[in-house]
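Student: Hi! I have a new model open and would like to talk it through with you. Could we start with a residue and work outwards?

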Amino acid sequence: EFPGKHFLFSLLLATLMLPEAVTWVPNFITVTWLGRIGPIPWINNWPALTVPFMASAFNIFLLRQFFAQIPRELWDSAQIDGAGHLRYLVQMVVPISRAALMTVVIFGFVGSWNALAWPMLVTNSPEWRPVSAGLSAFVEEAGSYVHLQMAGAVITVFPIVILYLFAQKQFTEGIAHSGL
């Protein structure tokens with residue numbers, strides 16, 4: 001609890017109205033700056049392709065709304081048992097919010113997997129380009145062979161389906177244990 005909490009959250013939600021292209025220049029400046037001061041270069045490397053997708057205003061909104069539903073009495077009972085903030089987070093909140101956390105993970109993975117413009121901006125060589133860039137090139141190469149385009153699309157979607165099938169169990173367990 002701190003003053004201005006609701007204003008800061010409203011400002012964060014207002015960033016959802018910005019188009020993705022508006023964030024490319026600040027993110028690119030940040031990525032190049034971090035690549036110069038860090039031990040590994042970020043351009044043409046995995047950090048530039050993953051780190052910008054790890055936090056988004058929607059994910060923060062989703063987690064905040066989920067955490068707001070956790071009863072205050074749970075924190076009070078954890079304090080009575082001698083738990084501090086870290087123990088309460090690890091032993092109480094994370095197991096309860098497994099479904100929301102898996103939702104955030106899936107949205108982050110799907111967002112970075114399907115991204116095309118940002119990876120084209122931060123990569124110079126084809127070996128660091130994502131599958132979506134390869135699929136785009138394949139569609140241009142396949143021309144009117146729709147069956148080949150569909151085969152390429154199925155291959156591209158396969159890891160997302162596997163992740164969803166793994167996470168579906170987490171969703172079900174999260175819903176079943178949310179009342180406990």
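Student: Which helix does Leu8 lie in?

Tutor: Leu8 lies in helix 1. Keep in mind as we go that this is a predicted model.

Student: Is Leu8 buried, partly exposed or exposed?

Tutor: Leu8 counts as partly exposed, because its relative accessibility is 48% and the partly exposed class runs between 20% and 50%.

Student: And how far apart are Leu8 and Asn114 in space?

Tutor: Their C-alpha atoms are 30 Å apart, with the two positions 106 residues apart in sequence.

Student: Let's move along. Where is Leu16?

Tutor: Leu16 sits in the loop between helix 1 (5-14) and helix 2 (20-37). At 43% relative accessibility, Leu16 counts as partly exposed.

Student: Which residues does Leu16 touch, leaving aside those up to four places away in sequence?

Tutor: Leu16 touches Ala57 and Phe58. As for Ser56, its C-alpha is 8.8 Å from that of Leu16, and the two are 40 residues apart in sequence.

Student: Now the whole thing. How many helices and strands does the protein have?

Tutor: There are ten helices and zero strands. The radius of gyration is 21 Å, while the globule rule gives 16 Å for 180 residues, so the protein is more spread out than a compact globule.

Student: What box do the C-alpha atoms fill?

Tutor: Roughly 65 × 40 × 35 Å, taken along the principal axes.

Student: What share of the residues is buried?

Tutor: Buried residues make up 26% of the 180. The protein exposes about 12200 Å², and carbon and sulfur atoms supply 70% of that area.

Student: How much of the contact count comes from residues 24 or more positions apart?

Tutor: Such pairs account for 61% of the contacts with a separation of 6 or more.

Student: What about charges: how many positive and negative side chains are there?

Tutor: The protein has 8 positive and 9 negative side chains, and the centres of the two sets lie 7 Å apart.

Student: Last topic, helix 9. Which residues are buried there?

Tutor: Ser132, Ala133 and Ala142 are buried in helix 9.

Student: Why should helix 9 span 16 Å?

Tutor: Helix 9 has twelve residues (131-142), and at 1.5 Å a residue the expected span is 16 Å, because the rule multiplies by one less than the number of residues. The end C-alpha atoms of helix 9 are 16 Å apart, which agrees.

Student: And what does Gly143 do just after helix 9?

Tutor: Gly143 takes a positive phi of about 65° there.

Terms used
Residues are numbered from 1 along each chain as its sequence is written. This is a predicted model: local features need pLDDT of at least 70, side-chain atom pairs count only at pLDDT 80 or more; totals for chains, interfaces and linings use all residues. Side-chain values use heavy atoms; hydrogens and water are left out. Helices (H or I, at least four residues) and strands (E, at least two) are DSSP runs, numbered from the N terminus. Buried means under 20% relative accessible area, exposed over 50%, partly exposed in between (1.4 Å probe, protein chains only). The radius of gyration is taken over C-alpha atoms; the globule rule is 2.2 Å times the number of residues to the power 0.38. Contact means heavy atoms within 4.5 Å. Accessible areas come from the Shrake-Rupley method with a 1.4 Å probe; for residues, only the protein chains shown count as cover. Lys and Arg count as positive and Asp and Glu as negative; His and the chain ends are not counted. The place of a charge is taken as NZ of Lys, CZ of Arg, CG of Asp or CD of Glu.
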